[in-house]
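Subject: Structure handover

Hello,

Please find below the structure you asked to have passed on. My notes on what was found in it come after.

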Amino acid sequence: MYRMGEEEVQELRKVFLNKQLFRVGDPASGHLGEVVKFEQAWAKHIGTEYALLMSGGGTAALMCGLVGLGIGPGDEVLIPAYTFMATASAVLAVGAIPVLVEVDDSCTMDPEDFEKKISPQTKAVIPVHMVGMPANMERICEIARKHNLKVIEDACQAVGGSFKGKKLGAWGDVGAYSFNVFKIIGCGEGGGLVTSDRMIYERASIFHDSGTAFRPYAGDFTIPIFLGLQFRASEIMGAIMNVQLSRLEGILRDLRKVKKMFMEELSGISSIGFARSNDINGDCGVVVAFRFENENQALEFAQSEGVSGWRPLDSRKHVWFDWEPIINKRIGGHPATNPYHFPQNANLRKDYTKEMYPKSIENLGRTVFISINPDWSDQEIKAKISACKKAAEKLK
Ligand SMILES: Cc1ncc(COP(=O)(O)O)c(C=O)c1O
């Protein structure tokens, strides 16, 4: 959440004075319908038929997407070795098993390794657009189609980004977003899902609201209502998200402008290069991504005075070998609900050793990110760029 302020306060004031915080209500009797308004605007913005705002974050959105696609015990879902652990936990939460795929020099899923990792038990793939950087959706969707796999895009860290002119989240069968406080826009905690498939939407919608059977629109569903969980969004979330959406284009424009300044000023310096982008125009500009000859140079650059860089390899959260509960297969609150113990999953791949993904370690270790603030002054940007130039000169 880069920007928030008076506009959110004004919209929240209206919601509180209206005294109807539940998302379901009748506009004819004064209900503001903030959640529905956001869902309609978000679907339009992304270019899909349907959107659902939910509490429970991007994790819930991924879970609802998986449920929407009918993924469960006995299924393998391919995810990249570089993502937040939530991508894997959503797969486990529906009883399926995550199997990892290498990331390439763009720090997103390597399409060639994705194809190699497909087994007869693989049902879906979750490419992740990390730190605003688009995965190669064209190639991933092509391979998925060839092998009859479903695609769920994890766009939690790339809200508003695109690949080849099409919004991230609109390429897959389902797109999932996080609106927590660390993301491009948000409401503190929350998430969203998009799809253009009516059946996926119905299943996801029913699953995200355990009270669906009692809603006035229950009769609109074309499938029998089953019992799900409780991820409904409140009108408070909806009101904040409506304002945040109006800020999105401005935030992306300014992030991208800063990134461009870094790239123009630093291109042509022989000791540093930039990480390959699958589509620099669709990149959100969350980070400047550098790529070095070797891991030592990357470390030296990241730690140089005034640079404030970080290697994705060192994030402590986003690389598979740091997902301690998953590595040690401690899932859920009861041994019998742990998908690693399910008989249907007995023959699925469940190993996540450090040696299994050498390409990811190399790519993530040679990359350095500098996080961008869209509200940096020109002076602050110049100081950062000059620190990068000095650090580059010192590299052996
Ligand atoms: C790549 C990725 N996937 C999923 C999630 C889960 O989102 P949330 O924390 O909103 O549940 C996050 C965010 O934290 C994320 O960065």
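The sheet comes first. In this predicted model, 7 strands form an open sheet with mixed pairing, in the order E1-E9-E8-E5-E4-E2-E3. E1 and strand E3 (97–101) are the edge strands, each pairing on one side only. On average, neighbouring strands of the sheet are turned by 25° against each other, with direction ignored.

Two helices pack on this sheet. H2 touches E1, E8 and strand E9 (191–195), and its direction makes about 130° with that of E1. H3 also packs on the sheet, where it touches E1, strand E2 (76–80), E5, E8 and E9. The direction of H3 makes about 165° with that of E8.

Some detail on the pairing follows.

- E1 and E9 are antiparallel and pair over 5 bridges. Tyr50 has Thr195 in E9 as its bridge partner.
- E8 and E9 also run antiparallel, joined by 5 bridges. Here the bridge partner of Ser178 is Gly191 in E9.
- Strand E5 (residues 150–154) and strand E8 (residues 174–178) pair in the parallel sense, over 3 bridges. Asp154 stands opposite Ala176 in E8.

Next, burial of the strands. Which residues of E1 point one way, and which the other? Tyr50, Leu52 and Met54 point one way and Ala51 and Leu53 the other way, and all of them are buried. Because 5 of the 5 residues of E1 are buried, the strand is largely enclosed by the rest of the structure. So E1 is an edge strand that pairs on one side only, yet its 5 residues are buried, with the cut-off for that set at under 20% relative accessible area.

E9 can be described in similar terms. On one side it has Gly191, Leu193 and Thr195, on the other Gly192 and Val194, and all are buried, which leaves both faces covered. With 5 of the 5 residues of E9 buried, this strand is therefore largely enclosed by the rest of the structure.

Away from these strands, helix H11 (residues 358–365) has four entries to note: its buried residues are Ser360, Asn363, Leu364 and Gly365. The buried residues of H11 pack against strand E11 (287–291), helix H9 (295–303) and strand E12 (367–371).

Now the pockets. Rolling a probe the size of a water molecule over the atoms shows where empty space is left.

The largest pocket has a volume of about 740 Å³. It is lined by 33 residues, and those closest to its centre are Gln157, Asn180, Phe182, Lys183 and His318. Helix H3 (57–68) and helix H4 (85–93) each supply at least two residues of this lining. H3 gives the most, with 4 residues. H3 is thus a helix that packs on the sheet and also contributes to the lining of the largest pocket. By class, the lining of the largest pocket divides into 14 nonpolar, 15 polar and 4 charged residues.

The second largest pocket holds about 480 Å³ of space. Of the 25 residues that line it, Arg23, Val36, Glu39, Tyr201 and Tyr217 lie nearest its centre. Which elements each supply at least two residues of this lining? They are helix H2 (34–46), strand E1 (50–54) and helix H7 (198–208). The largest share, 5 residues, comes from H2. The lining of the second largest pocket divides into 11 nonpolar, 6 polar and 8 charged residues. H2 and E1 appear together here as they did in the sheet: H2 touches E1, and each supplies at least two residues of the lining of the second largest pocket.

Last, enclosed space. How many cavities of 30 Å³ or more does the structure hold? There is 1 cavity of that size, and about 90 Å³ of space lies in the largest cavity. It is lined by 14 residues, of which Met133, Ala275, Arg276, Ser277 and Asp283 are the closest to its centre. The lining of the largest cavity has 7 nonpolar, 4 polar and 3 charged residues.

Regards

How values were computed: Residues are numbered from 1 along each chain as its sequence is written. This is a predicted model: local features need pLDDT of at least 70, side-chain atom pairs count only at pLDDT 80 or more; totals for chains, interfaces and linings use all residues. Side-chain values use heavy atoms; hydrogens and water are left out. On a 1 Å grid over the protein atoms alone, a cavity is a set of points where a 1.4 Å probe fits but cannot get out, and a pocket is an open set with protein on both sides within 12 Å along at least five of seven lines; lining residues have an atom within 4 Å of a point. Grid points are joined across faces, edges and corners, and a volume is the space filled by probe spheres set on the points. Ala, Val, Leu, Ile, Met, Phe, Trp, Tyr, Cys and Pro count as nonpolar, Asp, Glu, Lys and Arg as charged, and the others, Gly among them, as polar. Two strands pair if DSSP finds at least two bridges between them. Axes are lines fitted to C-alpha atoms, for helices over the stretch in contact, and angles run from 0 to 180 degrees between N-to-C directions. Contact means heavy atoms within 4.5 Å. Buried means under 20% relative accessible area, exposed over 50%, partly exposed in between (1.4 Å probe, protein chains only).
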